[in-house]
Amino acid sequence: MALFSSSSSSSTTTFAIALFTLFLIGSCSAQLSENFYAKKCPKLSSAVKSVVLSAVAKEPRMGASLLRLFFHDCFVNGCDASVLLDGPSSEKTAPPNANSLRGYEVIDDIKSKVEAICPGIVSCADITAIAARDSVTILGGPFWKVKLGRRDSKTGFLQLASSGVLPSPSSSLSTLISNFKDQGLSATDMVALSGAHTIGKARCAIYGSRIYNEKNIDSLFAKARQKNCPRDSSGTPKDNNVAPLDFKNPNHFDNSYYKNLINKKGLLHSDQVLFDGGSTDSLVRDYSNNQRAFESDFVTAMIKMGNIKPLTGSDGEIRRHCSRPN
């Protein structure tokens, strides 16, 4: 009897430990699902896409802006729509974001449309994630199923957004790798996500130093960019003159960004360091020759980035207006 009792007690203990372990795994992992709103808001996808389609049709650059908005949200305390908040702790005023991030009004338009059909159900964080995916797809890039179920933060993180967690256009390769590693993203993820620069534009204030001072740049490319970004532009309206990040196909999501890097035609310093005799040269070359490989790794990296510290369950809230907490 003693042996049986001991065995029964041991089995019960083992079962309890197994259940507890499963609970821990479930509670620690991001509780996100592709079908999170399937029953609660079945028309969500079409509502978001219609607004993004309209915005990108009016201004193709907006697709890149919405993609960048998601990136800047996720890199500051996770994908929680904190980047959308106004107020004293607003990340909008952080140096990497001020007079730079765009697309807030498009997110607001989407939120209004979604609230009309599913009030109080869909978070601003999830809307931002879907809008980023739709932007890529509308501009010719890959489609992927976005995992959903994020909730919104109740505050912004101005100090963190200003602390260097967001990669700078002047970053070295080692700094970029470190920035992404801090977010749980690999060097491969970093190079793939950098391919988002196949769309969008940058201001003269951001790329001016490279086109005048750096040596690893095609001379004709530099001179062409200098026409729109004169040396005396600092502090003048010309500071805001823009140039496409991908001069070949600026409104089409493809792999020409990597081909530009091989030809020393990266617009930003942080672009060209990906192909400058360093550890990521081979990956840039691979992506330049194989668009499918780039798109596959880009999708994988986007999904991983979307899983950075999401608020789920009862954490955070579902904002009624994306620019302010409830």
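**Exercise 1.** In which loop is Asn 77 found? Describe its backbone and exposure, and treat Asn 99 likewise.

*Solution.* The model is predicted, so that local features need pLDDT of at least 70 and side-chain atom pairs count only at pLDDT 80 or more, while totals for chains, interfaces and linings use all residues. Residues are numbered from 1 along each chain as its sequence is written, and side-chain values use heavy atoms, with hydrogens and water left out.

Step 1. Asn 77 is found in the loop between α3 (61-74) and α4 (104-117), where helices (H or I, at least four residues) and strands (E, at least two) are DSSP runs numbered from the N terminus.

Step 2. Although Asn 77 is not a glycine, its phi is positive, at about 65 degrees. Most residues other than glycine have a negative phi.

Step 3. With a relative accessible area of 26%, Asn 77 is partly exposed; the scale calls a residue buried under 20% relative accessible area, exposed over 50% and partly exposed in between, using a 1.4 Å probe and protein chains only.

Step 4. Asn 99 is likewise found in the loop between α3 and α4, has a positive phi near 55 degrees, and counts as exposed at 72% relative accessibility.

**Exercise 2.** Find the disulfides, and state for the pairs below their geometry, their burial and the parts of the chain that they link.

*Solution.* Step 1. Taking a disulfide as a pair of cysteine sulfur atoms within 2.5 Å, the count comes to four. With the bonded cysteines numbered in sequence order, the pairing is 1-4, 2-3, 5-8, 6-7.

Step 2. One of the pairs is Cys 74 with Cys 79, whose sulfur atoms are 2.0 Å apart. The torsion about their S-S bond is about 120 degrees, so this disulfide is right-handed, and both Cys 74 and Cys 79 are buried.

Step 3. Cys 124 is joined to Cys 322 with an S to S distance of 2.1 Å, and because the torsion about the S-S bond is about -95 degrees, the disulfide is left-handed. Cys 124 lies in helix α5 (residues 124-138) and Cys 322 in the segment after α14 (291-306), so the pair ties together parts that are 198 residues apart in sequence. The relative accessible area is 0% for Cys 124, which is buried, and 2% for Cys 322, which is buried as well.

Step 4. Cys 204 and Cys 229 are joined at 1.9 Å, S to S, and their torsion of about 70 degrees makes the disulfide right-handed. This pair links distant parts of the chain, namely helix α9 (residues 204-213) with Cys 204 and the loop between α10 (219-226) and β2 (242-244) with Cys 229, 25 residues apart. Both Cys 204 and Cys 229 are buried.

**Exercise 3.** How do the axes of helix α8 and α14 cross, and which residues make the contact?

*Solution.* Step 1. The axes of α8 (residues 187-194) and α14 come within 8 Å and cross at roughly 110 degrees, an axis being a line fitted to C-alpha atoms, for helices over the stretch in contact, with angles running from 0 to 180 degrees between N-to-C directions.

Step 2. The two helices α8 and α14 are therefore roughly perpendicular to each other, the class that covers 65 to 115 degrees.

Step 3. The contact (heavy atoms within 4.5 Å) involves, among others, Thr 188, Asp 189, Ala 192 and Leu 193 of α8, and Phe 294, Asp 297 and Phe 298 of α14.

Note on methods: Angles under 35 degrees count as roughly parallel, over 145 as roughly antiparallel, 65 to 115 as roughly perpendicular and the rest as oblique.
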